[in-house]
Amino acid sequence: MVVRVRLRIVVNDKVVETSALANSGYEAETPQVLIPIKLAQVLGLWPPREGFEETDYETAGGPLHVWVVPRACKVSVVVSDAESPVVEADVVISPIADEVLLSDKMISALQIALEDVGSGLWRFRWEPKDRLRRSEPPKYWR
């Protein structure tokens, strides 16, 4: 099991809600949300243009060629009875990803506490420790 949260991503006038995998192994210098090309198209961030940074990320599976769009979106976690702070984030566009991933800095900025990853349990940091939330089902962008 893993922890996925319901994420709202806003880019200009486009708003998408989707599940996102909280990946504490995705280390970044800034809050980042990694998205598949299909979602980048929906958000108006594809094809690449001026202001996009083309680079390679090191992953467990080897180098990954990506496009980074600094501070391109506003992100929040939304659940039926609460919402996280809104976080301005870098968008990282991956040609091989099929779901949204949250970096370690993004997980922290959204105030997500991963309580029992093996059981898919999490909470917001401001909530009592016994207020556990269940992981969202995956949303694949193929």
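Select Pro47 in this predicted model. Pro47 is in the loop that runs between helix 1 (37-42) and strand 4 (53-59). Display the backbone from Trp46 to Pro47: the peptide bond there is cis, and omega is near 10 degrees.

**Two residues with positive phi**

Go next to Asn12, in the loop between strand 1 (4-11) and strand 2 (14-22). Asn12 is not a glycine, yet its phi is positive, at about 55 degrees. Is Asn12 buried or exposed? With a relative accessible area of 74%, Asn12 is exposed, because the cut-off for that class is over 50%.

Now select Gln111, which sits in the loop between helix 2 (104-109) and strand 9. Gln111 is another residue other than glycine with a positive phi, here near 60 degrees. Its relative accessibility is 24%, so Gln111 counts as partly exposed.

**The loop before helix 2**

From Gln111, move back along the chain to Ser103. This serine belongs to the loop between strand 8 (100-102) and helix 2. What is the relative accessible area of Ser103? The value is 0%, so Ser103 is buried.

Show the surroundings of Ser103. Apart from neighbours within four places in sequence, Ser103 is in contact with Asn23, Tyr26, Ala28, Thr30, Pro31 and Gln32. For Gln32, draw a distance to the backbone nitrogen: the side chain of Ser103 reaches that atom at 3.1 Å.

**The sheet 9-10-11**

Select strands 9, 10 and 11 together. These three strands make an open sheet in the order 9-10-11, with antiparallel pairing. Strand 9 (112-116) and strand 11 (133-134) are the edge strands, each pairing on one side only. In general, the strands of a sheet pair through backbone hydrogen bonds, either parallel or antiparallel.

Which residues make up strand 10, and how many bridges join it to strand 9? Strand 10 covers residues 121-124, and four bridges join it to strand 9, the two running antiparallel. To locate one of these pairings, pick Asp116 and look across to strand 10, where its bridge partner is Leu121.

Stay in strand 9 and select Leu114. This leucine is partly exposed, with a relative accessible area of 29%. Leaving out neighbours within four places in sequence, the contacts of Leu114 are Val3, Ala22, Ser24, Leu121 and Trp122. For a distance across the fold, pick the C-alpha atoms of Leu114 and Arg133: these residues are 19 apart along the chain, and the atoms are separated by 9.8 Å.

**Aromatic rings**

Trp122 leads to the next stop. A search of the whole structure finds three aromatic pairs. Trp122 and Phe124 form one that is edge-to-face, with 5.1 Å from centre to centre and 85 degrees between the planes. Both of these residues, Trp122 and Phe124, are buried.

Add Trp126 to the selection. How are the rings of Phe124 and Trp126 arranged? Their centres are 4.4 Å apart and their planes are at 5 degrees, so this pair is stacked. Phe124 has a relative accessible area of 0%, whereas Trp126, at 43% relative accessibility, counts as partly exposed. Together, Trp122, Phe124 and Trp126 form one aromatic cluster.

**Charges over rings**

Continue to residues 139 to 142 and show their side chains. Lys139 lies over the face of Trp141, at 4.7 Å from the ring centre. Arg142 lies over the face of Tyr140, and here the distance from the ring centre is 4.5 Å.

**Last stop: Ser76**

Finish in strand 5 (residues 62-79), where Ser76 lies. At 3% relative accessibility, Ser76 counts as buried, because the cut-off for buried is under 20%.

Which side chain does the side chain of Ser76 meet in a polar contact? The partner is the side chain of Glu83, at 3.4 Å. Beyond neighbours within four places in sequence, Ser76 is in contact with Arg6, Leu7, Arg8, Glu83, Ser84, Pro85, Val86 and Leu110. Glu83 is thus on both the contact list and the polar contact of Ser76.

Methods. Residues numbered from 1 in each chain as written. Predicted model: local features only at pLDDT ≥ 70, side-chain atom pairs only at ≥ 80, totals over all residues. Heavy atoms only, no water. Pairing = 2+ DSSP bridges. Buried < 20%, exposed > 50% of the residue type's maximum accessible area, 1.4 Å probe, protein only. Polar contact = N/O pair within 3.5 Å; in protein donor to acceptor, adjacent residues only side chain to side chain. Contact = heavy atoms within 4.5 Å. Phe/Tyr/Trp six-rings, centres within 6.5 Å; stacked < 30°, edge-to-face > 60°. Lys NZ or Arg CZ within 6 Å of the ring centre and 35° of its normal.
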